[in-house]
Amino acid sequence: MPQAQFVQAGEMIDYRPLAAVGAGDVIVLGERVLVAKQSIEPGRLGSLAAAGAFDVAKDASAFQMGAAVYWDSGATPVGNVGLGAAVANEAEGVYMGSALLEASGQAPTVRVLLGASAATGSQGPRIVWDEAPQNLGANLWRLAQTSAPGKLMLFRNGLLQREGATNDFTLAGRDIAFNAGNEPQPGDVLSATYMPL
């Protein structure tokens, strides 16, 4: 018998709930905060996201980009809708991930990269925040480091771009090529947040 046998990649984990779980519900298992991307019926096998970016209901806390985000199942979200919210105080919740964007105290949500390390924390993988890719000309841009597959969030003028040959851009190693019709124009601002290899 091997000491360890591969079961799954870990971005999604199997989960069989005792009670119904709704799409978007936050589930705390021990010291891990996970999110249901789809509804799961009681006793049925489903899956929970252990990674990815989510807009999460928050309390009146303000978050800077890269700040640690914690989940408190008893916190009241902005707007008093439901129970459970992202909080900034470590003593009140379980570590959830890092804020991908700033969020004011009045904002109803904060964008969170699940499981990612905070700028000053030691949990999770290392993240490169808000890097300006180098323009190589001929519609080609380069990251300072190679991004792990599927771990690049590229923004153009604040709008998230979609990766893929039929979407906004393609990524090969460190090089970003925008697809025809989506080329950056003079004055456009590019920003990359990613998990390097």
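## Around Phe54

Let's start with Phe54: setting aside neighbours within four places in sequence, Phe54 touches Val35, Lys37, Ala49, Val110, Arg111, Val112 and Leu114. Keep in mind that this is a predicted model.

Phe54 also belongs to the largest nonpolar core, which has 17 residues. Phe54 is among those with the most contacts inside that core, along with Val56, Phe63, Val69, Met96, Val110 and Val112. Five strands each give two or more residues to this core: S3 (32-35), S5 (53-57), S6 (68-72), S8 (94-99) and S9 (109-114).

## A second core

Apart from that core there is another one, made of 11 residues. Leu143, Ile176, Phe178 and Tyr194 are among its members. As general background, nonpolar side chains in soluble globular proteins tend to be buried together.

## A four-stranded sheet

Now for some strand pairing. Four strands make an open, antiparallel sheet, and they come in the order S10-S17-S13-S14. At the edges sit S10 (128-131) and S14 (159-160), each of which pairs on one side only.

S10 and S17 (residues 190-196) run antiparallel and are joined by two bridges. Across from Glu131 you'll find Ala192 of S17.

## Salt bridges

Searching the whole structure turns up six salt bridges. One of them brings the side chains of Arg142 and Asp175 together, at 2.6 Å from N to O. Arg142 is in strand S12 (residues 140-142) and Asp175 in strand S16 (residues 175-178), so this pair ties together parts that lie 33 residues apart in sequence. As for exposure, Arg142 counts as partly exposed, because its relative accessibility is 28% and that class runs from 20% to 50%.

Another salt bridge joins the side chains of Asp188 and Arg156, with an N to O distance of 2.9 Å. This pair, too, links distant parts of the chain: Asp188 is in the loop between S16 and S17, while Arg156 is in strand S13 (residues 147-156), 32 residues apart. The two partners fall into separate accessibility classes: Asp188 is partly exposed at 22% relative accessible area, whereas Arg156, at 14%, counts as buried. The cut-off for buried is under 20%.

Then there's the pairing of Asp168 with Arg162, whose side chains meet in a salt bridge at 3.7 Å, N to O. Asp168 has a relative accessibility of 12%, so Asp168 counts as buried.

Key: Residues are numbered from 1 along each chain as its sequence is written. This is a predicted model: local features need pLDDT of at least 70, side-chain atom pairs count only at pLDDT 80 or more; totals for chains, interfaces and linings use all residues. Side-chain values use heavy atoms; hydrogens and water are left out. Two strands pair if DSSP finds at least two bridges between them. A salt bridge is a side-chain nitrogen of Lys or Arg within 4 Å of a carboxyl oxygen of Asp or Glu. Buried means under 20% relative accessible area, exposed over 50%, partly exposed in between (1.4 Å probe, protein chains only). A nonpolar core is a set of buried Ala, Val, Leu, Ile, Met, Phe, Trp, Tyr and Cys residues joined through side-chain atoms within 4.5 Å. Contact means heavy atoms within 4.5 Å.
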